[in-house]
Amino acid sequence: HPRISARVRRIKPSPSSAAADRATALKRQGRNIVSLVVGEPDFDTPANIRAAALKAMDKGATRYTMLPGSVDLREAIAAKLKRENNLVYSPSDIIVTNGCKSGIYSALEATIEAGDEVIIPAPYWVSYPDMVIACEGIPKIVACPESQGFKISPEQLKAAITNKTRWLIINSPSNPTGASYSAAEYRKLADILARHPHVLVMTDDIYEHIRFDGRTTPHLLNAAPELADRVLAVNGVSKTYAMTGWRIGWIAGPSDLIGALNTLLSQAAGNACSISQAAAVEALNGDQSFVTESVAIYRTRRDRMLTRINQIEGLTCLPPDGAFYLYVNCAGLIGRKTPAGAHLETDGDVAMYLLESVGVAVVQGSAYGLSPYFRISIAASLDVLDDGINRIARAVSELR
Ligand code: PLP
């Protein structure tokens, strides 16, 4: 049989990496490309956090830590969950993982039997469905149109649940739409979940601090504390503290699930990087001004880009509550003709047209499970964003 397992042959590489690779390849050919693809802060990790890493290295934090993470870090996470989210977890209810991405994958691996279903509201973060497939589960994609704010309704949740449902995955604020659930919306979803005790819920809270209305992001468990025994709360330092390369995420949850993750990761991975863990302690316990300052910058960019996009005929965009993306509706471009005479039939065609005609790289909505859209990342300077949107406006004006 083939050397590569069927499990892995079924999954596809991340479409956002593919888009980034295409942009890089064109750049290497000498083309002037504006890439609005990447999903990582364009800021450096704050100095106090970098200093904490250096100090930790010098003090010998270069060895294995406890498997679920150092006590210092798990205490800092427990304190953060209490202080910022009003959620009570002890350090033993928490496991630190090598980024939140691998934490999510491990949690699925630890719980999914072949054929189990995972409810994923679309638009979704590109990795969820393929992770489920890699675990031999079945992604149950629920299309959540713009008319409902890109969020799953209680009726849709009810209709999607079967006796094979293992997980519901919630990502708020969302990549790619920036949509976030209110406490009242969570309460209604929880009322449906109450009738289906076999359904577990994974909350991907990685963008909780990046939001534009000055409010704190509610957590499902604030609205429905009775679900604590079946919720895994996933988070990390990547986006909030511009620490994507440090690879620190964590999961808080009920002891049987956290215990299973401990067992799995003790054999499959080991602890997350000791130096990064020390840096993450400083991120959580230290000065938080970077968070406020960077969010203010994202907000300026988001407001400016939103205005410009909505002025372009054929494009519209809902204001995102948070995260650092704009999910642009390009239905008005579908069916139109390029100067070269091709018809734009899909959002993939639109993304390719923008790249080829004006050198702007974006990711097509089909990658996120809801078309016709494309995603723009605002994790880039205003100069880059202005250049990008001017080019997009020009490309659209040349359509017939
Ligand atoms: N979850 C979502 C929704 C994301 O957009 C990302 C990063 O793109 C991650 C998780 C991964 O975070 P980490 O860097 O902690 O693995």
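## Polar contacts to the ligand

In this predicted model, a side-chain N or O atom of Ser-238 lies 2.7 Å from an oxygen atom of the ligand. Lys-239 also places a polar side-chain atom 2.7 Å from a ligand oxygen. Asp-204 faces a nitrogen atom of the ligand instead, with a polar side-chain atom at 2.6 Å. On its own the ligand has 400 Å² of accessible area, and the protein covers 92% of that area.

## The shell around the ligand

The shell around the ligand holds 13 residues. Those that come nearest are Cys-100, Asp-204, Ser-238, Lys-239 and Arg-247. By residue class, the shell comprises 5 nonpolar, 4 polar and 4 charged residues.

Which helix gives the most to this shell? Helix H5, spanning residues 99–109, does so with 3 residues.

## The largest pocket

The ligand occupies the space of the largest pocket. The volume of this pocket is about 590 Å³. Its lining consists of 27 residues, and the ones nearest the pocket centre are Ser-16, Gly-39, Lys-101, Trp-125 and Lys-239. Lys-239 thus appears in two lists: it is among the residues that come nearest to the ligand, and it is among those nearest the centre of the pocket.

Three helices, H2 (15–28), H5 and H6 (127–134), each supply at least two residues of the pocket lining. The lining divides into 11 nonpolar, 10 polar and 6 charged residues. H5 therefore has a part in both descriptions, as a contributor to the pocket lining and as the element that gives the most to the ligand shell.

## Backbone features in loops

Most peptide bonds are trans, and most residues other than glycine have a negative phi. Where does the model depart from the trans form? The peptide bond from Ala-122 to Pro-123 is cis, with omega near 5°. Pro-123 belongs to the loop that joins strand E3 (117–122) to H6, and H6 is one of the helices that supply residues to the lining of the largest pocket. A cis peptide bond also runs from Ser-172 to Pro-173, where omega is near -10°. Pro-173 is found in the loop between strand E5 (165–171) and helix H8 (183–194).

Asn-86 is a residue other than glycine with a positive phi, near 55°. The loop that contains Asn-86 runs between helix H4 (71–85) and strand E2 (94–97).

Key:
Residues are numbered from 1 along each chain as its sequence is written. This is a predicted model: local features need pLDDT of at least 70, side-chain atom pairs count only at pLDDT 80 or more; totals for chains, interfaces and linings use all residues. Side-chain values use heavy atoms; hydrogens and water are left out. A residue is near a molecule or strand if one of its heavy atoms lies within 4 Å of it. A polar contact is a pair of N or O atoms within 3.5 Å; within protein, one must be able to donate a hydrogen and the other to accept it, and residues adjacent in sequence count only if both atoms are side-chain atoms. Accessible areas come from the Shrake-Rupley method with a 1.4 Å probe; for residues, only the protein chains shown count as cover. On a 1 Å grid over the protein atoms alone, a cavity is a set of points where a 1.4 Å probe fits but cannot get out, and a pocket is an open set with protein on both sides within 12 Å along at least five of seven lines; lining residues have an atom within 4 Å of a point. A molecule sits in a cavity or pocket if more than half of its atoms lie within 2 Å of its grid points. Helices (H or I, at least four residues) and strands (E, at least two) are DSSP runs, numbered from the N terminus. Ala, Val, Leu, Ile, Met, Phe, Trp, Tyr, Cys and Pro count as nonpolar, Asp, Glu, Lys and Arg as charged, and the others, Gly among them, as polar. Grid points are joined across faces, edges and corners, and a volume is the space filled by probe spheres set on the points.
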